[in-house]
Amino acid sequence: MAAALLEFDFSHALRNEFSIHTIIREDPSYTLFRREDATAWLTFSCVFLCLIVFDSHFMNQRAEQLTVVRAIRYTMFWIAMACCFCGWVFFYYGHQAAAMWMSGYMLEWMLSFDNLFVFHLIFSVYGTPEHLKHRPLYL
């Protein structure tokens, strides 16, 4: 570990040059958007926009209290969409890319649980009625 730190070039920190351009200049193999991935990005963007519109206009069109059964169905829908996307990644990029994507998805999902406690705390402190709790979540 110490040897890796000794090999790191700290000249960027001294010159305040931490930017994506510095990284690209030092590592020409690093690319954020590659031309061959344009179809994948376009597909992802279109599907993402369609799902967001579907979620906001069809799944949450009525302001009603969220029941446990409805929350489970809602969660299962989004998990199914994530699994479909992981299948697409597997089909186009292989099993290693799909495993990496699913690992990242599961990590982000686990990290998002602390947000539930924050929302519960805020709603409890301000005494938010049940029929209004959906409003700040769907802004």
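Here are three short exercises, with worked solutions, on the predicted model above.

**Exercise 1: The overall picture**

Work out which secondary structure elements the protein chain has and how much of the chain is buried.

*Solution.* Start by going through the elements: you get eight helices and zero strands. Reading from the N terminus, that gives α-α-α-α-α-α-α-α. Next, look at burial, where a residue needs under 20% relative accessible area to count. Of the 139 residues, 10% make the cut. Then turn to the surface: the chain exposes about 11,700 Å², and 70% of that comes from carbon and sulfur atoms. Finally, check the contacts with a separation of 6 or more: 33% of them join residues 24 or more positions apart.

**Exercise 2: Helix α5**

Check whether the span of helix α5 agrees with 1.5 Å a residue, then find its buried residues and what covers them.

*Solution.* Helix α5 covers residues 68–93, so you have 26 residues to work with. The expected span is 1.5 Å times one less than that number, which comes to 38 Å. The end C-alpha atoms sit 37 Å apart, so the two values agree. Now for burial: Arg70, Ala82, Cys86 and Val89 are the ones to mark in α5. Their cover includes α4 (38–59) and α6 (95–111). Just past the end of α5, you'll meet Gly94, with a positive phi of about 100 degrees.

**Exercise 3: Aromatic rings**

Count the aromatic pairs and pick out the members of the aromatic cluster.

*Solution.* Pairing up ring centres within 6.5 Å gives you 13 aromatic pairs in the structure. Now link up the rings: Trp41, Phe44, Phe48, Phe85, Trp88, Phe91, Tyr92, Tyr93, Trp101 and Tyr105 form one cluster.

Note on methods
Residues numbered from 1 in each chain as written. Predicted model: local features only at pLDDT ≥ 70, side-chain atom pairs only at ≥ 80, totals over all residues. Heavy atoms only, no water. Helix = DSSP H or I, 4+ residues; strand = E, 2+ residues; numbered from the N terminus. Buried < 20%, exposed > 50% of the residue type's maximum accessible area, 1.4 Å probe, protein only. Contact = heavy atoms within 4.5 Å. Areas by Shrake-Rupley, 256 points an atom, 1.4 Å probe, with all protein chains shown as cover. Phe/Tyr/Trp six-rings, centres within 6.5 Å; stacked < 30°, edge-to-face > 60°.
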